[in-house]
Amino acid sequence: MAKWQTIVIEKIWLLGAIIIEVLDGIIDDVSEILKSGAFWFLDLMGGIIAVYDWIYDWIAWGISYFWITTLRKIHNTRIWIHTYRRQIINGALYFIITGAFTIWLIASVVDYSYSYNGRVLGIVKEQRDVLEILDLVSEELTQEYKAPIAINGDEDISFNTVISVGKQVDKPDDVLKKFTYMGDIQTKAYGLFIDGNRIGILQSEKEANAVVDNIIAKYLKKDKDYESYGIEEKVEVQEVDTTLAKISSRPAIVRLIEAGTVKETVYTASEGDTFKSVAEELDVSVKSLKDLNPALADLNTFSEGQNIVSQSEAPILTVRTVGLEVFAETIKYKTETIESDEYYDDEEFVRTEGSDGKMRVTARVTRLNGELVDREDVETEVITEAVNKVIVKGTKERPLTEATGTFIRPVPAGIYSGYGWRWGRMHEGVDLAISSGTPIKAADGGTVVRAGWYGAYGLCVDIDHGGGIMTRYGHCSSINVSVGDQVFQGQVIARVGSTGRSTGPHCHFEIRVNGVAIDPTGYI
Ligand SMILES: [Zn+2]
């Protein structure tokens with residue numbers, strides 16, 4: 001029912017009630033008037049009729065019988081009225097009172113059910129209980145959903161008369177609640193579409209666009225200039241007809257986009273990896289890994305190269321950023337090998353230890369959702385140079401350590417004391433006196449069988465030349481070789497000293513054949 005019709009009907013009801021009240025008030029007065037003063041009217045009527053009778057007699061010839069009959073009937077009616085005036089008044093009063101009561105009765109049990117776009121929400125006493133708060137409802141909904149929502153009383157709301165006996169009648173407060181808790185209020189809103197899929201509905205175009213800005217902002221660092229940034233997917237915002245309940249808040253849509261899809265990755269294990277170590281590495285839970293890899297669930301450690309499936313959330317939107325970034329990088333040292341004929345070919349040593357350098361690299365970096373996908377170095381500034389490791393490798397051929405069968409003199413000195421009996425004791429070698437520290441060379445190639453303190457010999461070296469032949473060097477100040485070393489003829493094995501039973505620096509030299517000392521004099 002249209003609003004104006006409703007109002008007219010209401011007015012009529014109201015007018016009826018007023019009339020009833022007025023009538024109620026005047027009924028007694030009227031009765032009194034009729035009982036007393038009003039009789040003059042009836043008497044007058046009687047007089048008129050008497051005159052009429054006279055006139056009738058006087059002009060009877062000119063008046064048709066019809067009229068006479070009619071007027072006679074009127075006359076008779078008036079007489080009837082006059083005779084039954086009390087009954088007539090009572091009848092009229094009865095009719096009016098009964099009618100008023102009926103109207104009152106109907107008005108008190110007939111209410112209105114109100115509906116929003118065909119959906120019945122409740123019953124109200126008066127239509128205005130609904131219509132007058134629509135502005136308030138619209139305002140509340142607008143605040144609640146932050147979308148301009150207007151309920152049109154003519155188009156959206158309809159009323160039906162109902163007998164409300166025994167039913168709950170809503171007060172304006174209840175009406176307000178019913179409207180504001182109703183989710184299926186139709187409204188216009190804005191759908192956010194990513195690559196043609198509707199991700200969600202937002203209250204306004206501005207909010208929908210703000211979702212995208214929020215996502216982008218998560219991947220932009222503050223105080224950083226980007227050469228470009230944007231969304232890889234096709235994003236559209238379109239007006240849609242929907243209901244209030246389907247509208248989502250901006251943070252909810254942002255979360256939805258962030259959690260969006262599940263990305264599956266395969267991790268290749270290293271020897272000794274465990275569920276725990278892989279879970280920590282991938283920042284996922286152990287349980288999720290075990291669920292995704294049921295066949296491996298019982299393993300304590302993985303073996304090298306084992307594939308472990310993992311899942312992680314991947315946003316629906318992909319934010320591409322391009323900008324300059326600075327990286328502190330290590331300059332790895334190189335290793336160079338220098339060949340030297342100063343050292344034997346089996347000798348190798350580190351002359352300089354290597355150390356890494358540092359540099360600052362400015363690069364144009366492209367990231368997708370924060371993950372580096374492309375890097376183009378623009379500028380490199382060395383802070384510390386790397387120091388290369390230098391290895392020296394000998395090239396000189398090492399002399400053979402086999403015995404030559406001939407002997408050389410271990411130190412360039414003459415024989416100070418010879419082989420033979422001396423002071424009542426057998427001197428089993430020769431003493432070659434020379435200043436302390438002079439290098440002592442092996443008399444022939446062989447294997448060191450003694451290198452250390454040996455009683456009266458002091459620091460002593462014995463070299464086995466094979467074939468039962470051995471040489472001995474005593475009273476050394478230091479020894480350069482160890483037992484088991486292969487030495488060649490002329491190799492420095494020790495230095496001259498005066499250790500053990502000795503009276504001054506010299507090298508005591510012996511040649512033994514099957515353990516028996518012979519006179520070295522002829523051999524060196
Ligand atoms: Zn000696």
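In the predicted model, Asn514 is located in the loop that links strand S27 (506-513) and strand S28 (516-518). Although Asn514 is not a glycine, its phi is positive, at about 50 degrees. Asn514 counts as exposed, because 8 C-beta neighbours lie inside 10 Å. A second non-glycine residue, Asp223, likewise has a positive phi, of about 55 degrees. Asp223 belongs to the loop between H7 and S6, and it counts as exposed because 4 C-beta neighbours are found inside 10 Å.

The chain as a whole contains 10 helices and 28 strands. Of its 524 residues, 18% count as buried. Among contacts between residues at least 6 apart in sequence, 71% join residues at least 24 apart.

One open sheet is built from three strands in the order S5-S4-S7, with antiparallel pairing. Strand S5 (197-202) and strand S7 (235-243) stand at the edges of this sheet; each has a single partner strand, so one side of each is left without a neighbour in the sheet. From one strand to the next, the twist averages 35 degrees. Strand S4, which spans residues 186-194, is joined to S5 by five bridges, and the two strands run antiparallel. Within this pairing, Leu192 stands opposite Gly200 in S5. Helix H8, comprising residues 250-259, lies across S4 and S5 and runs at about 160 degrees to S5.

Helix H8 also packs against helix H7 (residues 205-218): the two axes come within 10 Å and cross at roughly 45 degrees. The crossing angle falls outside the ranges for roughly parallel, antiparallel and perpendicular axes, and H7 and H8 are therefore oblique to each other. The crossing in which H7 passes H8 is right-handed. On the H7 side, the contact involves Glu207, Ala210, Val211, Asn214 and Ile215, which meet Arg250, Ile253, Val254 and Ile257 in H8. By residue class, this contact of H7 with H8 comprises six nonpolar, one polar and two charged residues.

A further open sheet consists of four strands in the order S6-S10-S13-S14, again with antiparallel pairing. Its edges are formed by strand S6 (228-231) and strand S14 (371-384), each of which pairs on one side only. Neighbouring strands in this sheet are turned against each other by 30 degrees on average, direction ignored. Strand S6 pairs with strand S10 (residues 319-331) over four bridges in the antiparallel sense. In this pairing, Tyr229 stands opposite Thr321 in S10.

Two other strand pairs include strands without buried residues. Strand S8 covers residues 261-268; the number buried among its eight residues is zero, so S8 lies largely in the open. Eight bridges connect S8 to strand S9 (residues 307-314), and these strands run antiparallel. Thr265 has Ser310 as its bridge partner in S9. Strand S11 (residues 335-344) is hardly covered, with a count of zero buried residues among its 10 residues. The pairing of S11 with strand S15 (residues 389-396) comprises seven bridges, and these two strands run parallel. Glu339 stands opposite Lys393 in S15.

A buried charged residue is found in strand S23, residues 469-476, where Arg472 is placed. Arg472 counts as buried because 22 other C-beta atoms lie within 10 Å, the threshold for burial being 20 or more. When residues up to four places away in sequence are not counted, Arg472 touches Gly429, Cys460, Asp462, Glu510 and Arg512. Arg472 and Arg450 are separated by 22 residues in sequence, while their C-alpha atoms are 8.8 Å apart in space.

Conventions. Residues numbered from 1 in each chain as written. Predicted model: local features only at pLDDT ≥ 70, side-chain atom pairs only at ≥ 80, totals over all residues. Pairing = 2+ DSSP bridges. Axes fitted to C-alpha atoms, helices over the stretch in contact; angles between N-to-C directions. Contact = placed C-beta atoms within 7 Å. Buried ≥ 20, exposed ≤ 12 C-beta atoms within 10 Å, placed from the backbone. Parallel < 35°, antiparallel > 145°, perpendicular 65-115°, else oblique. Left-handed = near helix turned anticlockwise from the far one by under 90°. Nonpolar A, V, L, I, M, F, W, Y, C, P; charged D, E, K, R; others polar.
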